[in-house]
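Student: Could you take me through this structure slowly, setting each term against its definition?

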Amino acid sequence: MTAALRRDACPSLTAPMLTGDGWLARLTFTDGLSGEGLAGLAAVAARLGNGLIEVTSRGSLQLRGLAQGAKLAEALAPLGLPLAEGLPVVTSPLAGRDPAEAADPRPLAATLRAFAGPLPPKVTALVDGGGAFPLDAVPADVRLLRVAGGWRIGVGGTARTARWQDVCDADTAIAQACDLLTRISREARRGRDLDGLGVAPAPALRPAGAPVGRFGLREDIARAVAFPFGSAESGAVAALAAAAGAARLCPAPGRALVAVELTVADEAAFVGAATRLGFITDPGDPRLAIAACAGAACASGRLPARAIAARIAAERPDMTDGLHLHVSGCPKRCAQPAGPAVTLLADECGTRVTGDGRGVPADLEQYLLEVAR
Ligand code: SF4
């Protein structure tokens with residue numbers, strides 16, 4: 001295991017990042033995991049780390065609290081997990097199985113993953129075949145979206161804020177995406193900071209949707225649940241994996257876990273286990289609108305961020321209507337959502353509420369400060 005020295009670098013299986021609660025490894029996958037594979041991974045998280053497993057807003061899976069020098073790659077190798085290497089590329093967990101998608105994004109994603117150049121930390125690509133799983137709110141340096149007549153490329157931001165290029169065929173889209181990645185590599189800048197790009201009208205965006213619920217697939221169904229505030233104990237993850245029957249389990253954007261190839265007969269057991277274990281199964285759950293970091297579990301944390309977030313969701317479920325809340329244990333803001341948010345954070349001066357340039361209603365600010373007291 002080679003230690004990543006920069007705190008803003010992207011942690012990976014072979015280059016974990018030092019955080020306030022030990023070393024953190026971030027994993028991405030080319031396909032879903034079997035129930036046995038996810039349960040085995042959860043056991044490794046408990047054995048080598050602190051047992052906390054996270055799914056990020058982009059759908060990566062994180063193991064926390066790893067000891068220095070922990071032999072994670074060796075421990076995971078016998079599980080035969082479909083680990084992805086190279087550039088992180090986000091796709092729908094339903095890819096290739098979704099009757100709503102206009103094209104299977106996986107071949108293009110595989111090509112982008114193989115991009116060879118060195119890239120700045122956190123650079124991400126996204127390939128969206130236009131299916132049912134919501135990806136528009138996921139930020140990416142380079143995004144490819146299948147539309148009528150071909151592919152559109154969006155540079156930087158989310159689908160709403162990206163700078164969109166004209167429609168083109170798949171080969172041209174890959175060539176343009178690789179050119180953009182080459183510029184990002186050469187200029188050591190993020191996609192949002194690239195100069196001199198033309199801007200075409202944005203494609204029509206799909207209605208925003210929660211990454212939770214039932215999706216019909218070509219041959220069976222998928223059921224998506226979310227990790228509360230992106231985090232779960234390894235025991236709960238293993239128990240959920242055991243309830244998924246023969247389904248494949250895909251960590252997915254929106255801090256979700258999606259069981260694909262799920263049979264209708266297995267659906268009730270999976271959803272029942274998820275509910276009992278504390279996962280989010282209702283798309284209207286207010287916890288989906290609150291982001292919170294590891295907080296008290298982190299040496300830098302000055303707030304029990306996830307406990308505060310859970311209390312807010314329980315006490316004021318309507319507060320999150322049309323609003324994203326963010327609770328951060330320190331100014332590093334590890335769990336910062338992509339869009340505008342009201343943030344409750346603690347620093348060396350105390351606890352404060354910020355709207356990141358937008359006004360925060362006085363009653364909301366007062367309530368958040370009281371909850372943090
Ligand atoms: S934001 Fe939270 S998880 Fe990140 S360093 Fe600060 S306390 Fe730790």
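**Terms and values**

Tutor: The protein chain exposes about 15900 Å², a Shrake-Rupley accessible area with a 1.4 Å probe, and carbon and sulfur atoms supply 53% of it. This is a predicted model, in which local features need pLDDT of at least 70 and side-chain atom pairs count only at pLDDT 80 or more, while totals for chains, interfaces and linings use all residues. Residues are numbered from 1 along each chain as its sequence is written, and side-chain values use heavy atoms, with hydrogens and water left out.

Student: What makes the protein chain as compact as a globular protein of that length?

Tutor: The protein chain has eight helices and 18 strands, where helices are DSSP runs of H or I with at least four residues and strands are runs of E with at least two. Its radius of gyration, taken over C-alpha atoms, is 20 Å, and the globule rule (2.2 Å times the number of residues to the power 0.38) gives 21 Å for 373 residues, so the chain is as compact as a globular protein of that length.

Student: Why is Gly350 called partly exposed?

Tutor: Buried means under 20% relative accessible area and exposed over 50%, with partly exposed in between (1.4 Å probe, protein chains only). Gly350 has 27% relative accessibility, so Gly350 counts as partly exposed. Gly350 is found in strand β18, residues 350-354.

Student: How many of the 373 residues count as buried?

Tutor: By that cut-off, 53% of the 373 residues of the protein chain count as buried.
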